[in-house]
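Grab a coffee and work through these short exercises with the model open beside you. Try each task before you read its solution.

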Amino acid sequence: MVGEAARLSKLFCDRNWPIFAFLDTHYPDKPEPPYPPHCIIGTGEENFVPDLEWLEKEPNVTIKRKSCIDGYISCIEKDGSSVFADWVGKYQIKTVLVLGICTDICVLDFASSTLAARNIDRVPPLQDVVIYSEGCATYDLPAEVATNVKGALAHPQDLMHHIGLYMAKGRGAKVVDRVAVEP
């Protein structure tokens, strides 16, 4: 997943195409139930993985630190404006290509909310949300481990990845297993 994100980001940057990147970023005193603490500010988990750190210096990359599962919701400001909707409008994005982690949580929620917003004309001129399956991943929590963690549910990685893609497709996203960029 990281390799594909790096490869496609490089292709986009070489062409000066806009990229919108989310970084999961949480405060220690604001839990995100039902998930355990993760990506807490100051731990380093809230930053790009090493293979993607170079994106921070690219002028065509917009970075949004998100403090909730759903990146679309996290982009809504207190005044009702939306950083993501403004980005879509500024660059006249008609198709958004989605890669990320976790397929069945953050990717699914972002795709679902973005499609719902598209359906009520909140992100013009957006037409399509395309999820690149090989550019997404989720975590693995085997049943034998989950039974020993209070409140945890088993989370079989491959199954949940495919369920996330299936659910997104059911909400109107297009799911692809390869992305080709014409020279």
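Two strands pair if DSSP finds at least two bridges between them; helices (H or I, at least four residues) and strands (E, at least two) are DSSP runs, numbered from the N terminus. This is a predicted model, where local features need pLDDT of at least 70, side-chain atom pairs count only at pLDDT 80 or more, and totals for chains, interfaces and linings use all residues. Residues are numbered from 1 along each chain as its sequence is written, and side-chain values use heavy atoms, with hydrogens and water left out.

**Exercise 1.** Work out in which sense S3 and S4 pair.

*Solution.* Start with the bridges: six of them join S3 and S4, in the parallel sense. Next, pick out one position: Ile101 sits opposite Ala137 in S4.

**Exercise 2.** Sort the side chains of S3 by face.

*Solution.* Walk along residues 95–101 and you'll see the side chains alternate. Val96, Val98 and Gly100 point to one face and are buried (under 20% relative accessible area; exposed is over 50%, partly exposed in between, with a 1.4 Å probe and protein chains only). Thr95, Leu97, Leu99 and Ile101 point to the other face and are not buried.

**Exercise 3.** Find which residues of H6 are buried.

*Solution.* First, list them: Met160, His161, Gly164, Leu165 and Ala168. They cover an arc of only 140° around the axis (taken from the directions from the helix axis to the C-beta atoms), so they lie on the same side of H6. Now flip to the other side of H6: Asp158, His162, Tyr166, Lys169 and Gly170 are exposed there. Finally, look past the end of H6, where Gly172 follows with a positive phi, near 115°.
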